[in-house]
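Trainee: I'd like a close look at one part of this protein, a single strand and whatever it leads to. Please take me through it step by step.

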Amino acid sequence: MPEITKNDILNTLKKAKDSNFNKEFLILNSIKNYNYAENELKFEISLQLNNKSGADELKEKFIELIQCDFPFLKKIEIMIDVKSATMQEKQESGILTGIKNTIAIASGKGGVGKSTVAVNLAVSLAQDGATVGLIDADIYGPSVPMMLGLKEKPRVFQNQQSMKIIPLTNYGIKVISIGLLVDDNSPVIWRGPMASGAIKQFITDVDWGELDYLIFDMPPGTGDIQLTLVQTIPLAGAIIVTTPQEVSLIDARKALKMFTRVNVPILGVIENMSYFIAPDTGKKYDIFGTGGGSKIATELEVPYLGGIPIQQQIRMGGDNGVPIHFDSPGSEQAKIFTEISRKLAEQISIKNKNSNSIPKMEIDLGGD
Ligand SMILES: Nc1ncnc2c1ncn2[C@@H]1O[C@H](COP(=O)(O)OP(=O)(O)OP(=O)(O)O)[C@@H](O)[C@H]1O
Ligand SMILES: [Mg+2]
């Protein structure tokens with residue numbers, strides 16, 4: 001009797017052509033109670049459908065496709081469980097079991113220092129004794145592996161029933177990057193849908209164990225790809241990184257709006273490249289202006305978590321794969337990251353205390 005794995009079935013189901021059906025959410029963990037014996041196949045599948053009433057039609061298509069790929073099957077039984085993308089349901093379905101807080105580090109504008117902030121905050125939280133995971137969700141330019149000095153591919157264990165990806169570990173944090181899965185040469189238009197599928201898999205299939213914080217380094221921008229990602233990830237909150245100049249602040253406002261549209265609370269604004277202290281004279285220069293981050297936080301009534309100076313060591317730490325706590329322990333910059341990470345932890349505990357229930361995500365893919 002030829003073997004048919006869950007993965008084989010997943011690949012067959014992905015061939016279904018049906019506008020009602022969001023293939024991005026079709027992952028190995030969508031298939032439950034999988035049973036294949038004596039040429040009879042039976043399983044349940046959780047799906048996100050745009051229109052729930054089309055489930056039966058889709059089931060027929062699935063059965064046809066499976067029959068076509070595995071003609072020796074005598075009986076195929078499929079139960080479809082239609083899901084919508086609410087955080088509540090994701091939490092209830094156990095996707096986030098063991099992960100206490102999920103935080104996105106985002107910005108509207110590119111190159112403002114999201115990845116630098118994500119890496120150094122993750123390390124700061126870990127240095128304070130928290131267990132921390134970091135997901136590099138940047139499909140445009142995954143930079144976390146380089147910033148943490150990681151090169152190897154994560155190990156993947158797969159059997160008929162399940163799949164487990166072992167995260168890489170360095171500087172006390174667990175890490176997974178989209179850069180390890182997506183071909184650098186494929187155009188972003190194709191990488192978008194792949195990325196949200198892969199990131200969903202990062203949450204469900206990576207062996208995170210218990211985590212106090214799971215941090216997502218987001219791609220820049222507020223377009224469809226980012227919105228899909230924000231809806232795919234069950235987020236407890238987001239941090240907006242901006243530089244002080246107006247061009248960055250305009251985009252930071254857009255990013256804030258994107259998160260509030262899908263009911264993800266803003267945990268705070270961080271101003272990066274806030275100022276420069278000349279190492280020889282100790283004189284402070286406001287290269288990109290000053291106070292933009294705190295101004296926008298006041299304007300939009302969200303917490304201001306602090307400002308990070310432009311500093312050659314911060315840049316070099318990123319390029320060399322050594323976070324500031326390891327490159328220059330006890331330095332002024334290391335202290336700044338620790339302070340900001342403590343303010344962040346404080347905001348998260350305030351938010352957790354105030355919210356008895358997790359907010360529902362409302363999907364609205366319309367433009368501004
Ligand atoms: N505070 C800082 N001082 C000095 N250099 C910095 C600082 N923050 C970031 N950089 C440098 O600026 C560059 C861009 O930073 P980073 O990659 O973190 O930005 P990003 O917002 O993640 O970019 P992208 O939008 O491309 O993902 C990097 O070379 C990084 O080392
Ligand atoms: Mg980045």
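How many of the twelve residues of strand 12 are buried, and is the strand largely enclosed or open?

Mentor: Bear in mind that this is a predicted model. Nine of the twelve residues of strand 12 are buried, so the rest of the structure largely encloses this strand. For scale, 40% of the protein's 368 residues count as buried.

Start with the partners. Strand 12 spans residues 266-277. Strand 11, residues 237-242, runs parallel to strand 12, and five bridges join them. Here Thr242 stands opposite Glu271 of strand 12. Now turn to strand 14, residues 304-310. Strand 14 is also parallel to strand 12, again with five bridges. Glu271 appears here too, opposite Gly307 in strand 14. So keep Glu271 in view: it faces Thr242 of strand 11 and Gly307 of strand 14.

The third partner is strand 13, residues 284-285. Strand 13 runs antiparallel to strand 12, with two bridges between them. Ile277 of strand 12 stands opposite Lys284 of strand 13. Strands 12 and 13 form a hairpin, with six residues between them. In that turn, Gly282 has a positive phi of about 75°.

Compare another hairpin, the one made by strands 1 and 2. Strand 1 covers residues 31-37 and strand 2 residues 40-48; they run antiparallel, joined by five bridges. Tyr36 stands opposite Leu41 of strand 2. Two residues lie between these strands. Glu38 sits in the loop that links strand 1 to strand 2. Its phi is positive, near 45°, and Glu38 is not a glycine. Glu38 is exposed because 7 other C-beta atoms lie within 10 Å, and 12 or fewer is the cut-off. Asn33, in strand 1, also has a positive phi of about 45° without being a glycine. Asn33 counts as exposed because it has 9 C-beta neighbours inside 10 Å.

Back to strand 12, and the ligand. Strand 12 supplies at least two residues of the shell around ligand 1. So do helix 4 (114-127), strand 14 (304-310) and helix 10 (312-320). In total, 20 residues surround ligand 1. The closest are Gly110, Gly113, Ser115, Thr116 and Arg315. By class, the shell has eleven polar, six nonpolar and three charged residues.

Follow helix 4 away from the ligand. Helix 4 packs against helix 12, residues 332-354, at an angle of about 75°. Their axes are 9 Å apart. That angle makes helix 4 roughly perpendicular to helix 12. By class, the contact has six nonpolar and four polar residues, and no charged ones. Helix 4 brings Asn120, Leu121, Ser124 and Leu125 to this contact. Helix 12 answers with Phe337, Thr338, Ile340, Ser341, Leu344 and Ala345. One rule helps in reading such lists. An α-helix has 3.6 residues a turn, so residues three or four places apart point the same way.

Next, two other spots to set beside strand 12. Helix 7, residues 224-232, is mostly covered, with seven of its nine residues buried. The buried ones are Gln226, Leu227, Thr228, Leu229, Val230, Gln231 and Thr232. Asp212, in strand 10 (residues 211-217), is partly exposed. That label applies because 17 other C-beta atoms lie within 10 Å of Asp212, while 20 or more would make it buried. Leaving aside residues up to four places away in sequence, Asp212 touches Lys100, Asn101, Ala130, Thr131 and Val132. Take Val132: it is 80 residues from Asp212 along the chain, yet their C-alpha atoms are separated by 6.0 Å.

Finally, the whole protein. The secondary structure comes to twelve helices and 14 strands. Among contacts with a separation of 6 or more, 76% are between residues 24 or more positions apart. Strand 12 gives you a route through it: parallel to strand 11, parallel to strand 14, hairpin with strand 13, and a share in the shell around ligand 1.

Technical notes:
Residues are numbered from 1 along each chain as its sequence is written. Chains are lettered from A and ligands numbered from 1 in the order in which they are written. This is a predicted model: local features need pLDDT of at least 70, side-chain atom pairs count only at pLDDT 80 or more; totals for chains, interfaces and linings use all residues. A residue is near a molecule or strand if its C-beta atom, placed from the backbone, lies within 6 Å of it. Helices (H or I, at least four residues) and strands (E, at least two) are DSSP runs, numbered from the N terminus. Ala, Val, Leu, Ile, Met, Phe, Trp, Tyr, Cys and Pro count as nonpolar, Asp, Glu, Lys and Arg as charged, and the others, Gly among them, as polar. Two residues are in contact if their C-beta atoms, placed from the backbone, lie within 7 Å. Axes are lines fitted to C-alpha atoms, for helices over the stretch in contact, and angles run from 0 to 180 degrees between N-to-C directions. Angles under 35 degrees count as roughly parallel, over 145 as roughly antiparallel, 65 to 115 as roughly perpendicular and the rest as oblique. Two strands pair if DSSP finds at least two bridges between them.
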